[in-house]
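Reader: Please take a close look at the aromatic side chains of this model and at the packing around them. I should then like the account to continue to the surface that faces the nucleic acid.

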Amino acid sequence: MPELPEVETIVRELRKSAVGKKFWDIESKLDSTFTPDPQTILSKIRGVRILDVTRRAKFIVFVLDQKLRLVVHLRMTGRLMWKKVRGREKHIRGVFVFSDAKSLIFSDTRKFGHIWFGTEKEIDKITGMERLGPEPLSMSEKDFCLVYERKNGILKNSLLRQDLVAGIGNIYADEICYRIGAHPSSRLEALNESKLKALYEATQHCLHQGIEHCGVTLSDFVGTRGTLGKHQKYLKVYGRMGDACYECGTIIKKTRVAGRGTFYCPKCQPVLA
DNA sequence: CCGGGCCTGCGG
DNA sequence: CCGCAGGCCCGG
């Protein structure tokens, strides 16, 4: 569920709250969450300082002293939250304790999330970040259109491909398709130049809006202080099956594209073939 | 390139 | 009590 805007929300919070802290301990509740194993990580990370927190697609990157990196992927249900005195988190997989006694909890109901540790040189390979396409919010219109005009295939499948453009997930893919007025099953090769430019604009718009509203909270996502996202209130199609399209009043439908639940307006989004 | 697997909670 | 929720990987 956390996509680029949700991860960016977490990263912005951590940049304020985690930079400058030194690692002191790692408590693992599920060793398979960590690569390498948590004992090995601990032996190398104790006393190491966080210099910055950045984002690469849906990965959270802790930039550390000594050219070291700690990388977190939340997958579906992962959370990074500061430990509170009251209110305990379920499904804790690991706890990072800092030298100021503050604790950052990684919890994850479905155990899909993962945490890697390594040097600047090895981290791209072990995380798979080396296979990622460019960051959509750093791309020019020209470069973005170039990526997709060379490809064939189904529009939504292509938007979800992290090796083409990295960071778009199921929710924002549907919202982007709605904004350009194309059914998610449309063929990429059916998009003319102006539609491709619209795809660029829609991607920028939807992701920026998501960040602006601190992400979408439909079930799991929360910030590092437990705060909820607000962007779910602004979604035009995702999760709105049976409701009226804001534009034309037609009932929003749900179908299956790319193996995912897919929401669209039958009138505003014709299939382009 | 499609679809199953990973995993748990929850809704029908 | 089954099936769906969807990040990403991988096998066929």
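Author: **Aromatic pairs, core and DNA surface**

Eight aromatic pairs emerge from a search of the whole structure; rings of Phe, Tyr and Trp (its six-membered ring) pair if their centres lie within 6.5 Å, and planes under 30 degrees apart count as stacked, over 60 as edge-to-face and the rest as tilted. One of the pairs joins Phe144 to Tyr200 in an edge-to-face arrangement, 5.3 Å centre to centre with 65° between the planes. This pair links distant parts of the chain, since Phe144 belongs to helix 4 and Tyr200 to helix 7, 56 residues apart. Helices (H or I, at least four residues) and strands (E, at least two) are DSSP runs numbered from the N terminus. Both Phe144 and Tyr200 are buried, that is, under 20% relative accessible area (1.4 Å probe, protein chains only).

The model is a predicted one, in which local features need pLDDT of at least 70, side-chain atom pairs count only at pLDDT 80 or more, and totals for chains, interfaces and linings use all residues. Residues are numbered from 1 along each chain as its sequence is written, chains are lettered from A and ligands numbered from 1 in the order in which they are written, and side-chain values use heavy atoms, leaving out hydrogens and water.

A further aromatic cluster is formed by Phe23, Phe34, Trp82, Phe96 and Phe98.

The largest nonpolar core (buried Ala, Val, Leu, Ile, Met, Phe, Trp, Tyr and Cys residues joined through side-chain atoms within 4.5 Å) has 39 residues, and Tyr148, Leu155, Leu159 and Leu199 make the most contacts inside it. At least two residues of this core come from each of helix 4 (141–149), helix 5 (155–160), helix 6 (170–180) and helix 7 (193–212). Leaving aside residues up to four places away in sequence, Leu159 touches Tyr148, Ile168, Ala173, Ile176, Cys177 and Leu199, contact meaning heavy atoms within 4.5 Å. A second, separate core of 30 residues includes Ile41, Leu42, Ile50 and Phe221.

DNA strand C is surrounded by 17 residues, the closest being Arg110, Phe112, Tyr238, Lys254 and Arg256; near means a heavy atom within 4 Å. These surface residues divide into four nonpolar, five polar and eight charged. A phosphate oxygen of DNA strand C lies 2.6 Å from an N or O atom in the side chain of Arg256, while polar side-chain atoms of Lys58 and His73 lie 3.1 Å and 3.2 Å from a phosphate oxygen. Strand 10 (253–257) and strand 11 (260–264) are the elements that give two or more residues to the surface near DNA strand C.

Terms used: A polar contact is a pair of N or O atoms within 3.5 Å; within protein, one must be able to donate a hydrogen and the other to accept it, and residues adjacent in sequence count only if both atoms are side-chain atoms. Ala, Val, Leu, Ile, Met, Phe, Trp, Tyr, Cys and Pro count as nonpolar, Asp, Glu, Lys and Arg as charged, and the others, Gly among them, as polar. Buried means under 20% relative accessible area, exposed over 50%, partly exposed in between (1.4 Å probe, protein chains only).
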